[in-house]
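Biologist: I am new to this structure and would like a close look at a single part, the aromatic rings. Please take me through them slowly and explain each term as you go.

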Amino acid sequence: MIFRNPSIRLRLILWNAFVVLLILSVVFLGIYSFMQNRLESLMQSKVDSGYRTIEDVIRNSGGDICDLYHLGQGIMFQVTTEGKPVYQTEAWTDALWTSSLSEAQMNPYGSLRADETQFFRLKRGSVPEYNFEIIFAFEASDSLKNIKSLVLILVVGIPAALLLALIGGYFLAGRALSPVQAITRKAQDITAENLSERLPVRNPHDEIGHLAAVFNDTLGRLESSFEQLRRFTADASHELRTPLTSIRSVGEVALKKSGDIASCQEAIGSMLEETDRLTHLVDNLLILARGDAGKAKLTPTSINISAEMGEIVEELRILAEEKNQTLSTSIEKIMEVKVDKETLRLAVSNILHNAILYTQEGGRIEVHTAKAENGEVIIDIIDNGPGIPEAKRAKVFERFYRVDKARSRKEGGAGLGLAIARWAVEVNGGSIAFRDNKKPGTHCRIILPS
Ligand code: ATP
Ligand code: MG
């Protein structure tokens with residue numbers, strides 16, 4: 001099982017051992033063949049020079065084998081004529097194996113292992129002018145011993161080095177992977193409840209440190225998303241509770257009253273009003289939820305923005321008239337923009353609705369649509385209402401944010417309209433912001449790309 005799914009540590013150890021084995025084998029084999037060749041050529045030259053000395057002595061003495069005596073008795077050689085020995089050193093005589101030496105063992109070179117420790121190199125040749133045959137033997141036991149020692153080093157050394165590589169690899173892999181273990185332990189402890197915790201970063205410049213830092217960034221983003229979601233859920237439940245409580249209390253009061261039609265109708269009317277508010281809120285929540293999930297159906301088409309703006313203004317004009325407000329427009333003729341019509345309508349009507357809602361009775365609202373030099377379409381919605389304090393101009397785009405909570409609640413807003421407007425504009429590639437228009441009131445500008 002452990003070998004079917006090996007851990008990184010085990011894989012590192014095995015790879016390390018494999019590489020060490022490979023390197024050692026190549027190095028040892030190189031040394032072995034080098035030493036073998038060196039000893040071989042050394043023995044060859046020894047046996048050649050020994051043989052040549054005997055040959056030279058015979059030639060120089062004119063075939064007088066007595067001169068060979070001066071070479072000493074420690075050297076091993078034998079001189080024969082027609083197979084019969086005519087001279088041999090004591091060393092040759094003492095070595096028992098020489099008596100059973102066959103010609104086949106030397107042609108002209110040969111080698112012979114007398115016993116476990118003794119090894120000889122042989123050379124056979126003739127001096128035809130004197131009808132002599134020479135057999136020279138050189139003891140190469142030391143060379144054999146050297147080769148044996150080398151093989152011993154190989155046999156013991158390679159497994160020992162391998163064992164060291166395994167032990168070293170085990171500790172090295174442990175050291176290298178210890179930050180990963182620390183990260184794993186920490187990551188196991190992180191849940192939705194303690195998203196503010198971070199993974200340990202020992203060295204931000206190495207690969208593991210970099211990985212941990214990237215994970216920490218992801219955790220940071222997750223934390224803020226979770227926080228947003230938590231806030232959103234809490235705010236949404238709160239906003240949904242308000243109309244529901246209102247419906248319930250109106251119902252309870254109506255039930256307690258004696259059943260006259262007028263008060264029942266009044267109760268039903270106010271319940272329907274709250275239901276409308278609930279429907280509006282749920283619709284807005286759905287729009288935002290779809291936007292967040294990226295599931296909103298967008299079909300960008302080329303639309304005539306002038307005509308579109310005209311329609312939205314006419315749809316909301318009735319609300320402005322109810323408040324005796326003047327709603328004036330200046331819209332440049334025929335400007336084609338490629339946007340999703342429904343989301344653009346959502347954005348503009350939310351802004352215009354706010355302008356009408358928050359501007360006092362008899363106030364003034366202007367809608368301008370123009371094309372900038374770079375081809376962008378600029379939509380300005382300006383009113384002379386109470387305005388939005390500069391510090392809050394960015395905040396009003398947040399979900400459930402209202403500048404004046406008491407006032408807005410009375411007028412029915414949950415604080416989602418601008419969040420929806422911003423999403424709707426941005427999803428069409430545009431931007432939206434409140435500008436400083438120096439005069440009292442608000443100036444909202446939507447810019448759509450050309
Ligand atoms: P909803 O639009 O969800 O029904 P809402 O109108 O309160 O509720 P937003 O449209 O997001 O929410 O507006 C946020 C807040 O910004 C408002 O509550 C209001 O305080 C302020 N605001 C928006 N437009 C104007 C405006 N034209 N003049 C003054 N204040 C504004
Ligand atoms: Mg609004």
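Modeller: What follows is a description of the aromatic rings and the charges that sit over them.

This is a predicted model, in which local features need pLDDT of at least 70 and side-chain atom pairs count only at pLDDT 80 or more, while totals for chains, interfaces and linings use all residues. Residues are numbered from 1 along each chain as its sequence is written, chains are lettered from A and ligands numbered from 1 in the order in which they are written, and side-chain values use heavy atoms, with hydrogens and water left out.

The structure holds seven aromatic pairs, where rings of Phe, Tyr and Trp (its six-membered ring) pair if their centres lie within 6.5 Å, and planes under 30 degrees apart count as stacked, over 60 as edge-to-face and the rest as tilted. One of these pairs is formed by Phe 77 and Tyr 87, whose planes stand at 35° with the ring centres 5.7 Å apart, so this pair is tilted. Phe 77 belongs to strand β1 (residues 76-81) and Tyr 87 to strand β2 (residues 84-88), and the two are 10 residues apart; strands (E, at least two residues) and helices (H or I, at least four) are DSSP runs numbered from the N terminus. Phe 77 is buried, with a relative accessible area of 0%, and Tyr 87 is buried too, at 13%, where buried means under 20% relative accessible area, exposed over 50% and partly exposed in between (1.4 Å probe, protein chains only).

A further pair joins Phe 232 and Phe 400, with ring centres 5.5 Å apart and planes at 50°, so it is tilted. Phe 232 lies in helix α4 (residues 207-256), whereas Phe 400 is in the loop between β10 (377-383) and α8 (405-411), so the pair ties together parts that are 168 residues apart in sequence. Phe 232 counts as buried at 19% relative accessibility, and Phe 400 is buried with a relative accessible area of 9%.

Phe 232 also has a charged neighbour, for Arg 399 lies over the face of its ring at 5.2 Å from the ring centre; a charge sits over a ring if NZ of Lys or CZ of Arg is within 6 Å of the ring centre and within 35 degrees of the ring normal. Elsewhere, the charged end of Arg 9 sits over the ring of Tyr 170, 4.1 Å from its centre. Finally, one aromatic cluster is formed by Trp 92, Trp 97 and Phe 120.
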